[in-house]
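These are my notebook entries on a structure with a ligand. I record what I looked up and what I found.

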Amino acid sequence: MSELTKKLFTLAFIREGNRLLLGYKKRGFGQGRWNAFGGKVEAGETPEEAAVREVQEEAGVMVVGGVEKVGELLFTFEGDPTAMHVMVFSARGYTGTPTESEEMKPQWFSVDSLPYSLMWPDDELWYPIYLRGGKFRGRFHFQGHDKILSEKLEEVQTF
Ligand SMILES: Nc1nc(SCCc2ccccc2)c2[nH]cnc2n1
């Protein structure tokens, strides 16, 4: 991993029973796809703090009870030396009404009918582990943003 520089990102889920809150990314990285809420971990904040901040900024809801780590993902892209290390969290609770922001348009989805064709292609591989309460560690090597050249995904018991 020495020739790659790794940057830290978060993704956070807001789940209510069999409904999952996703956001339609209106601009920037991943624009045009539904995703969980997240972004860069800034200097001076922990990944957990970054996850809570991004949920508030992007979906307009406040996390209650903190976030639980559910997965770690590493994304690399052909020809790009920067690897994205993404820490995936699930909020223990939330308060407020999801509100559209400049970045994201939030919408509730039934976990049985997620819009996978409008999400990143790796999502349909690891979401099922998260949705049944499992924890995961995965890495995906992309050609562009649509084609996965190689991947490794495993369920883990603890982090
Ligand atoms: N689900 C998912 N998410 C991402 S990026 C998530 C982290 C991020 C980065 C920049 C801005 C906001 C959020 C992915 N990249 C490649 N496959 C992927 N799958």
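Entry 1, elements around the ligand. I looked up which elements supply at least two residues each to the shell around the ligand, and I found strand S1 (5-16), strand S4 (37-40) and helix H2 (123-131). I note that the model is predicted. With 3 residues, S1 gives the most to this shell.

Entry 2, composition of the shell. I counted 14 residues surrounding the ligand. I then sorted the shell by class and obtained 8 nonpolar, 4 polar and 2 charged residues. The closest residues are Asn35, Phe75, Trp120, Asp122 and Asp123.

Entry 3, polar contacts of the ligand. I asked which distances separate nitrogen atoms of the ligand from N or O atoms in side chains. For Asp122, I read 2.7 Å between a ligand nitrogen atom and a side-chain N or O atom. For Asp123, the corresponding distance from a nitrogen atom of the ligand is 2.9 Å. For Asn35, a nitrogen atom of the ligand is 3.0 Å from an N or O atom of the side chain. Each of these pairs counts as a polar contact because the cut-off is 3.5 Å between N or O atoms. I next computed the cover on the ligand: taken alone, the ligand exposes 440 Å², and the protein buries 94% of that.

Entry 4, the site as a pocket. I checked where the ligand lies and found that the space it takes is the largest pocket.

Entry 5, helix H2. Which residues of H2 are buried? I listed Asp123, Trp126, Tyr127, Ile129, Tyr130 and Leu131. Asp123 thus appears both in this list and among the residues closest to the ligand. After H2 comes Gly133, and I recorded a positive phi for Gly133, near 85°.

Entry 6, Ile14. I located Ile14 in strand S1. Is Ile14 buried or exposed? The relative accessible area of Ile14 is 1%, so Ile14 is buried, the limit being under 20%. I also looked up its separation from Phe89: the two residues are 75 residues apart along the chain, and their C-alpha atoms are separated by 9.1 Å.

Entry 7, Phe29. I placed Phe29 in the loop between strand S2 (19-25) and strand S3 (34-35). Its relative accessible area is 42%, and Phe29 is therefore partly exposed, as this value falls between the 20% and 50% limits. From Phe29 to Arg139 I read 18 Å, C-alpha to C-alpha, for a sequence separation of 110 residues.

Definitions and conventions
Residues are numbered from 1 along each chain as its sequence is written. This is a predicted model: local features need pLDDT of at least 70, side-chain atom pairs count only at pLDDT 80 or more; totals for chains, interfaces and linings use all residues. Side-chain values use heavy atoms; hydrogens and water are left out. A residue is near a molecule or strand if one of its heavy atoms lies within 4 Å of it. A polar contact is a pair of N or O atoms within 3.5 Å; within protein, one must be able to donate a hydrogen and the other to accept it, and residues adjacent in sequence count only if both atoms are side-chain atoms. Accessible areas come from the Shrake-Rupley method with a 1.4 Å probe; for residues, only the protein chains shown count as cover. On a 1 Å grid over the protein atoms alone, a cavity is a set of points where a 1.4 Å probe fits but cannot get out, and a pocket is an open set with protein on both sides within 12 Å along at least five of seven lines; lining residues have an atom within 4 Å of a point. A molecule sits in a cavity or pocket if more than half of its atoms lie within 2 Å of its grid points. Ala, Val, Leu, Ile, Met, Phe, Trp, Tyr, Cys and Pro count as nonpolar, Asp, Glu, Lys and Arg as charged, and the others, Gly among them, as polar. Buried means under 20% relative accessible area, exposed over 50%, partly exposed in between (1.4 Å probe, protein chains only).
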